[in-house]
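Trainee: I would like a close look at a single part of this model. Please take one helix and walk me through its surroundings.

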Amino acid sequence: MKNYIFILVASILMASCTGTKSVTTPPSPPPQPDPVSVGIAKKPRNIILMIGDGMGVTQITAGLYSNNNKLNLERFKVIGFHKPYASNKLITDSAAGATAFACGVKTYNGAIGVDADTNAVKTILEYAEEKELSTGLVATSTIVHATPASFIAHQPQRKMYEAIAKDFLKTEIDLFIGGGKRYFDRREDGDNLIDILKLRGYEMGTYLGDELPEKIDTDKNYAYLTADKDPLTVAAGREYLPKATKLATDFLHTRGKGFFLMVEGSQIDWGGHANDSDYIITEMIDFDKAIGHVLDYAEKDGETLVIVTADHETGGYAINPGSEMGDIKGAFTSDYHTADLVPVFAYGPGAEAFGGIYENTAIFDKMMEAFGWKRD
Ligand code: MG
Ligand code: ZN
């Protein structure tokens with residue numbers, strides 16, 4: 001064996017000495033453009049995670065074919081899938097689903113920011129606060145509902161809305177917009193969290209006062225509660241999601257520290273539970289408008305990683321024969337969630353990591369890696 005290797009090495013050396021072509025100095029590779037000079041940052045300064053609750057491939061398709069065959073989602077070039085199952089069930093709920101993104105742990109259905117043993121796990125929003133980035137949550141459900149809650153609260157059960165609202169006082173989140181005012185100011189314990197937030201320096205707005213402004217003109221933290229309980233549906237006149245999303249990105253951008261923002265199109269899921277195709281489609285198109293604002297911002301900014309995904313599919317939704325472009329005949333196999341793989345769309349610095357098929361918890365890992373952070 002040794003002899004053989006010696007002969008092999010010797011013959012290679014001889015070949016290189018006697019060959020007509022000199023191989024002593026390999027040609028140097030062409031100079032690579034400096035990533036900064038071509039406007040591509042290696043690491044994102046901001047991450048915007050957008051969750052269409054219950055938004056499977058069919059929900060996207062129905063929105064697309066009902067919107068002149070056009071969605072902002074088509075602007076993404078990196079697409080993957082995640083496996084949405086929970087620790088205790090193949091079919092996840094929004095609490096376990098969002099906790100997987102927020103904390104990077106598989107947990108049980110109903111868990112809000114806690115692991116399978118109900119231990120609190122630090123969320124990406126909490127990491128961002130700790131690293132002095134700005135943070136925000138925007139939703140079209142109550143702001144204490146499972147998806148937004150899992151990014152800021154730690155509670156063993158999703159229905160503990162009043163306890164979840166109180167957890168908003170534990171993290172100095174810069175901005176939140178969503179429904180659920182009653183969990184802040186008409187509580188069983190009698191506390192008025194709106195008064196407390198104001199004392200802590202939040203500028204507070206609610207649907208009972210002025211409309212959501214065009215621009216947030218404050219250096220304080222900002223919160224706006226859009227409804228007493230659940231916000232309206234798009235069909236009933238809700239319009240705030242695209243506007244609130246643009247407002248949030250502009251506001252967090254002007255803070256100048258880098259930011260983490262989660263935006264949820266909450267009610268795509270509710271259309272699925274209701275087995276109501278039109279409900280799904282109107283909420284899907286509304287969420288896609290918000291995606292458009294975020295992509296416009298990210299394209300201009302160049303330092304923002306955008307991820308769009310869902311926690312799970314809802315309804316076992318299908319587009320049945322008889323459907324036409326602009327006229328979807330939807331059908332359903334369930335009024336609950338299904339276990340389908342869930343699509344993931346990514347844009348911006350760090351986006352390449354989101355191609356492929358991976359666990360839902362990997363969304364957390366990939367965001368942490370993009371920011372260059374290690375889990376405690
Ligand atoms: Mg939700
Ligand atoms: Zn649901």
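What follows is a close look at helix 9, with a few other local features after it.

Mentor: Keep in mind that this is a predicted model. Helix 9 covers residues 240–254, 15 residues in total. From first C-alpha to last it reaches 21 Å, close to the 21 Å expected at 1.5 Å a residue.

Now its buried residues. They are Y240, L241, A244, T245, L247, A248, T249, F251, L252 and H253. In an α-helix, residues three or four places apart point the same way, because there are 3.6 residues a turn. The cover over the buried residues of helix 9 includes strand 1 (46–52), strand 3 (134–142) and strand 4 (175–179). Strand 6 (221–225), strand 7 (259–265) and helix 11 (277–301) also belong to that cover. Just past helix 9, G256 has a positive phi of about 70°.

Two other residues have positive phi without being glycines. T118 is one, at about 65°. T118 sits in the loop between helix 3 and helix 4 (124–130) and is partly exposed, with 13 other C-beta atoms within 10 Å. N275 is another, at about 50°. The loop between helix 10 (268–273) and helix 11 holds N275. N275 is partly exposed too, with 18 C-beta neighbours inside 10 Å.

Last, a helix pair. Helix 3 (residues 94–103) packs on helix 12 (residues 361–371) at about 25°, with axes 6 Å apart. The two are therefore roughly parallel, and their crossing is right-handed. A100, F101, A102 and C103 of helix 3 meet T361, I363 and F364 of helix 12. By class, that contact has 6 nonpolar, 1 polar and no charged residues.

Conventions. Residues are numbered from 1 along each chain as its sequence is written. Chains are lettered from A and ligands numbered from 1 in the order in which they are written. This is a predicted model: local features need pLDDT of at least 70, side-chain atom pairs count only at pLDDT 80 or more; totals for chains, interfaces and linings use all residues. Helices (H or I, at least four residues) and strands (E, at least two) are DSSP runs, numbered from the N terminus. The expected span of a helix is 1.5 Å times one less than its number of residues. A residue is buried if 20 or more other C-beta atoms lie within 10 Å of its own, exposed if 12 or fewer, and partly exposed in between; C-beta atoms are placed from the backbone. Two residues are in contact if their C-beta atoms, placed from the backbone, lie within 7 Å. Axes are lines fitted to C-alpha atoms, for helices over the stretch in contact, and angles run from 0 to 180 degrees between N-to-C directions. Angles under 35 degrees count as roughly parallel, over 145 as roughly antiparallel, 65 to 115 as roughly perpendicular and the rest as oblique. A crossing is left-handed if the near helix is turned anticlockwise from the far one by less than a right angle, and right-handed if clockwise. Ala, Val, Leu, Ile, Met, Phe, Trp, Tyr, Cys and Pro count as nonpolar, Asp, Glu, Lys and Arg as charged, and the others, Gly among them, as polar.
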